[in-house]
Amino acid sequence: MSALKRFEQFMENMVEGSVARMFGSPVQPAEIAKRLERAMESQQKIGVRRVIVPNVYRVFLNPRDFAAFEPMRGDLEREMGNYLSELASEREFTMLEHPHVELAEDASVPRRTIQVVAEIAQPSSEAGTQVMSATIQMEAQQQSNSRALLLVETPKGVHPIPLETTLLTLGRGLNNDIVLEDARVSRHHAQLRYKTRRFWVTDLGSTNGTFVNGEPVSETALRNGDVLSLGGLELKFREG
């Protein structure tokens, strides 16, 4: 049984009948679940060995729609968290910890509308939880760079990493656009920027250096077939 089917079954058991009849609301729990799914799918961080997805989700509803969920809010939030955890497992995504879902009211949200904000949060520590936006700011792209990608060897074979924006950061830290989980790679190692119809790589003061075809670089343009090395981790650049 899929994660969504299990979630719908939970809701049916909870209300012992029609959810729509109980709530009398145009917004149904299954619709919220599907919006959460879309938020998880659209806000991925692509790493070498895993795909990291948000683990904090805030659902905003119009106050009149929110009122229908208030009596069962806690149970619903917990079950939606379980649903997202199962869904991530089904799709082989990684969450840094069990997902947290919060339902909230917002008068600026129109009726019958669901707004979801999803974020990646570092696991809690004594220093607190660091939250960072998982939204990638999409810049205007030219058709010539839409097929550019990096190829990296993994235990499961060659893994392609599409270069889908005109500015990307690479490094070990989770707030990079491309997360490279390798001890040789600095937390913020290098930057790729598309300009003058080409991708350029810039070293960000990394510990072990950035190399193109074996030569150390501070900034240089990339050509199809170039081998980019971040402290020894090799990625092949492809375009066209």
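## Ground rules and overview

A residue is called buried here when its relative accessible area is under 20%, exposed when that value is over 50%, and partly exposed in between. Keep that in mind for helix α5, whose buried residues are L76, E77, E79, M80, G81, Y83, L84, L87 and A88.

What you have in front of you is a predicted model. The protein has 240 residues, and 46% of them count as buried. DSSP-style bookkeeping gives 5 helices and 17 strands. The accessible surface comes to about 12,400 Å², with 47% of that belonging to carbon and sulfur atoms. As for contacts, take the ones between residues at least 6 apart in sequence: 58% of these join residues at least 24 apart.

## Helix α5

Helix α5 covers residues 73-90. It has 18 residues and reaches 26 Å from its first C-alpha to its last, close to the 26 Å expected at 1.5 Å a residue. Just after α5 comes E92, which takes a positive phi of about 60°.

Two salt bridges sit within this helix. In one, the side chains of R73 and E77 meet, at 3.0 Å from N to O. Both residues lie in α5, 4 residues apart, which is about one turn of the helix. Is E77 buried or exposed? With a relative accessibility of 16%, E77 is below the 20% cut-off, so it counts as buried. Its partner R73, at 25%, counts as partly exposed.

The other pair is D75 and R78, whose closest N and O atoms are 2.4 Å apart. These two are also both in α5, this time 3 residues apart, again about one turn of the helix. R78 counts as exposed at 53% relative accessibility, while D75 counts as partly exposed at 36%.

## A salt bridge between α3 and a loop

Side chains of opposite charge can pair when their charged atoms come close. The count of salt bridges in this model comes to 9. One of them links R91 and E41, with the closest N and O atoms 2.2 Å apart. R91 lies in the loop between α5 and β4 (100-105), and E41 lies in helix α3 (residues 29-42), so the pair ties together parts that are 50 residues apart in sequence.

How accessible is each partner, and what is the value for R91? R91 is partly exposed, with a relative accessible area of 31%. E41 also counts as partly exposed, at 31% relative accessibility. For the R73 and E77 pair in α5, recall that the two residues are 4 apart; D75 and R78 are 3 apart. Salt bridges that share partners join E37, E41 and R91 into one network.

## The seven-stranded sheet

Now for the strands. An open sheet of 7 strands runs in the order β2-β1-β10-β9-β11-β12-β15, and its pairing is mixed. The edges are β2 (51-52) and β15 (219-221), each of which pairs on one side only.

The mixed pairing shows up when you go strand by strand. β1 (residues 45-47) and β10 (residues 178-179) run parallel and are joined by 2 bridges; here G47 has V179 as its bridge partner in β10. By contrast, β9 (residues 167-171) and β11 run antiparallel, with 4 bridges joining them. One of the pairings is L167 with R193 in β11.

## Strand β11 and its hairpin

On its other side, β11 meets β12 (residues 198-203): 6 bridges join the two, and they run antiparallel. A190 stands opposite D203 in β12. The hairpin of β11 and β12 has 2 residues between the strands, and T196 takes a positive phi near 45° there.

Which residues does Q191 touch? Q191 lies in β11 (residues 190-195). Leaving out residues up to four places away in sequence, its contacts are L167, L168, T169, L170, W200, V201, T202 and L204. Several of these belong to the neighbouring strands: β9 spans residues 167-171, and β12 spans residues 198-203. At 18% relative accessibility, Q191 falls under the 20% cut-off, so it counts as buried.

Key
Residues numbered from 1 in each chain as written. Predicted model: local features only at pLDDT ≥ 70, side-chain atom pairs only at ≥ 80, totals over all residues. Heavy atoms only, no water. Pairing = 2+ DSSP bridges. Salt bridge = Lys/Arg side-chain N within 4 Å of Asp/Glu carboxyl O. Buried < 20%, exposed > 50% of the residue type's maximum accessible area, 1.4 Å probe, protein only. Expected span 1.5 Å × (residues − 1). Contact = heavy atoms within 4.5 Å. Areas by Shrake-Rupley, 256 points an atom, 1.4 Å probe, with all protein chains shown as cover.
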